[in-house]
Amino acid sequence: AFVNGTVTNEYIYLAYSGISRYNPDYYYGNCIYIYDWDGNPIRKLILNRHIQGMAVSKDNKTLYAFDVNTGFLMQTKIN
């Protein structure tokens, strides 16, 4: 299921868990699907961690999210 999302003027970002809703990690995303405003898929980012909540910079170059495993805010560049 998609468990979180955010938008910019150019794109829609949706975090996906890919985990059964009976698993305790169901609410945490481990990949992000990026769509344009016409609903066309642009990119899929696969993460090596589970995130909760996210934001993207206005220039669509930086992703911020809460890393559930470490308890820290993560920052990564979107290429």
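# Exercises on a predicted six-strand sheet

At 3% relative accessibility, Asp 67 counts as buried. The exercises below concern a predicted model, and the opening one returns to this residue.

**Exercise 1. The salt bridge**

Task: Determine how many salt bridges a search of the whole structure finds, which side chains meet there, and which strands the pair ties together.

Solution.
- Step 1. The search of the whole structure finds 1 salt bridge, and the side chains that meet in it are those of Asp 67 and Arg 49, at 2.8 Å from N to O.
- Step 2. Asp 67 belongs to strand S5 (residues 62-67) and Arg 49 to strand S4 (residues 41-56), so the pair ties together parts of the chain that are 18 residues apart in sequence.
- Step 3. For the burial of the two partners, the cut-off needed is that buried means under 20% relative accessible area; Asp 67, at 3%, is therefore buried, whereas Arg 49, at 30%, counts as partly exposed.

**Exercise 2. The order of the sheet**

Task: Establish in what order the strands form the sheet, which strands stand at its edges, and how many bridges join S5 to S6.

Solution.
- Step 1. The sheet is open and is formed by 6 strands in the order S1-S2-S3-S4-S5-S6, with antiparallel pairing.
- Step 2. S1 and strand S6 (73-77) each have a single partner strand and stand at the edges, so one side of each is left without a neighbour in the sheet.
- Step 3. From one strand to the next, the twist averages 30 degrees.
- Step 4. At the start of this order, S1 and S2 pair in the antiparallel sense over 5 bridges and form a hairpin with 3 residues between them; Thr 6 stands opposite Tyr 13 in S2, and Asn 4 stands opposite Ala 15 in S2.
- Step 5. S2 pairs in turn with S3, in the antiparallel sense and over 6 bridges, where the bridge partner of Ala 15 in S3 is Ile 32.
- Step 6. At the end of the order, S5 and S6 run antiparallel and are joined by 5 bridges, and the bridge partner of Tyr 64 in S6 is Gln 75; these two strands form a hairpin with 5 residues between them, in whose turn Gly 71 has a positive phi of about 80 degrees.

**Exercise 3. The aromatic cluster**

Task: Work out why the pair of Phe 2 and Tyr 16 is edge-to-face, and which residues form one aromatic cluster with them.

Solution.
- Step 1. The structure holds 5 aromatic pairs. In the pair of Phe 2 and Tyr 16, the ring centres are 5.5 Å apart and the planes stand at 65 degrees, so the pair is edge-to-face, given that planes over 60 degrees apart are counted in that way.
- Step 2. This pair links distant parts of the chain, since Phe 2 is in strand S1 (residues 2-7) and Tyr 16 in strand S2 (residues 11-16), 14 residues apart.
- Step 3. Phe 2 also forms an edge-to-face pair with Tyr 33, at 5.8 Å centre to centre and with 80 degrees between the planes; Phe 2 lies in S1 and Tyr 33 in strand S3 (residues 29-36), so this pair ties together parts that are 31 residues apart in sequence.
- Step 4. Phe 2, with a relative accessible area of 44%, is partly exposed, as are Tyr 16 at 29% and Tyr 33 at 22%.
- Step 5. Phe 2, Tyr 16, Tyr 33 and Tyr 35 form one aromatic cluster.

**Exercise 4. The largest nonpolar core**

Task: Find how many residues the largest nonpolar core has, which element gives the most to this core, and which residues are in contact with Ile 78 beyond its neighbours within four places in sequence.

Solution.
- Step 1. The largest nonpolar core has 13 residues, and those with the most contacts inside it are Tyr 13, Ile 32, Ile 51, Met 54, Leu 63 and Ile 78.
- Step 2. Two or more residues of this core come from each of S2, S3, S4 and S5, and S4 gives the most, with 5 residues.
- Step 3. Leaving aside its neighbours within four places in sequence, Ile 78 is in contact with Tyr 13, Arg 43, Leu 45, Val 56, Asn 60, Lys 61, Thr 62 and Leu 63.

Note on methods. Residues are numbered from 1 along each chain as its sequence is written. This is a predicted model: local features need pLDDT of at least 70, side-chain atom pairs count only at pLDDT 80 or more; totals for chains, interfaces and linings use all residues. Side-chain values use heavy atoms; hydrogens and water are left out. Rings of Phe, Tyr and Trp (its six-membered ring) pair if their centres lie within 6.5 Å; planes under 30 degrees apart count as stacked, over 60 as edge-to-face and the rest as tilted. Helices (H or I, at least four residues) and strands (E, at least two) are DSSP runs, numbered from the N terminus. Buried means under 20% relative accessible area, exposed over 50%, partly exposed in between (1.4 Å probe, protein chains only). A salt bridge is a side-chain nitrogen of Lys or Arg within 4 Å of a carboxyl oxygen of Asp or Glu. A nonpolar core is a set of buried Ala, Val, Leu, Ile, Met, Phe, Trp, Tyr and Cys residues joined through side-chain atoms within 4.5 Å. Contact means heavy atoms within 4.5 Å. Two strands pair if DSSP finds at least two bridges between them. Axes are lines fitted to C-alpha atoms, for helices over the stretch in contact, and angles run from 0 to 180 degrees between N-to-C directions.
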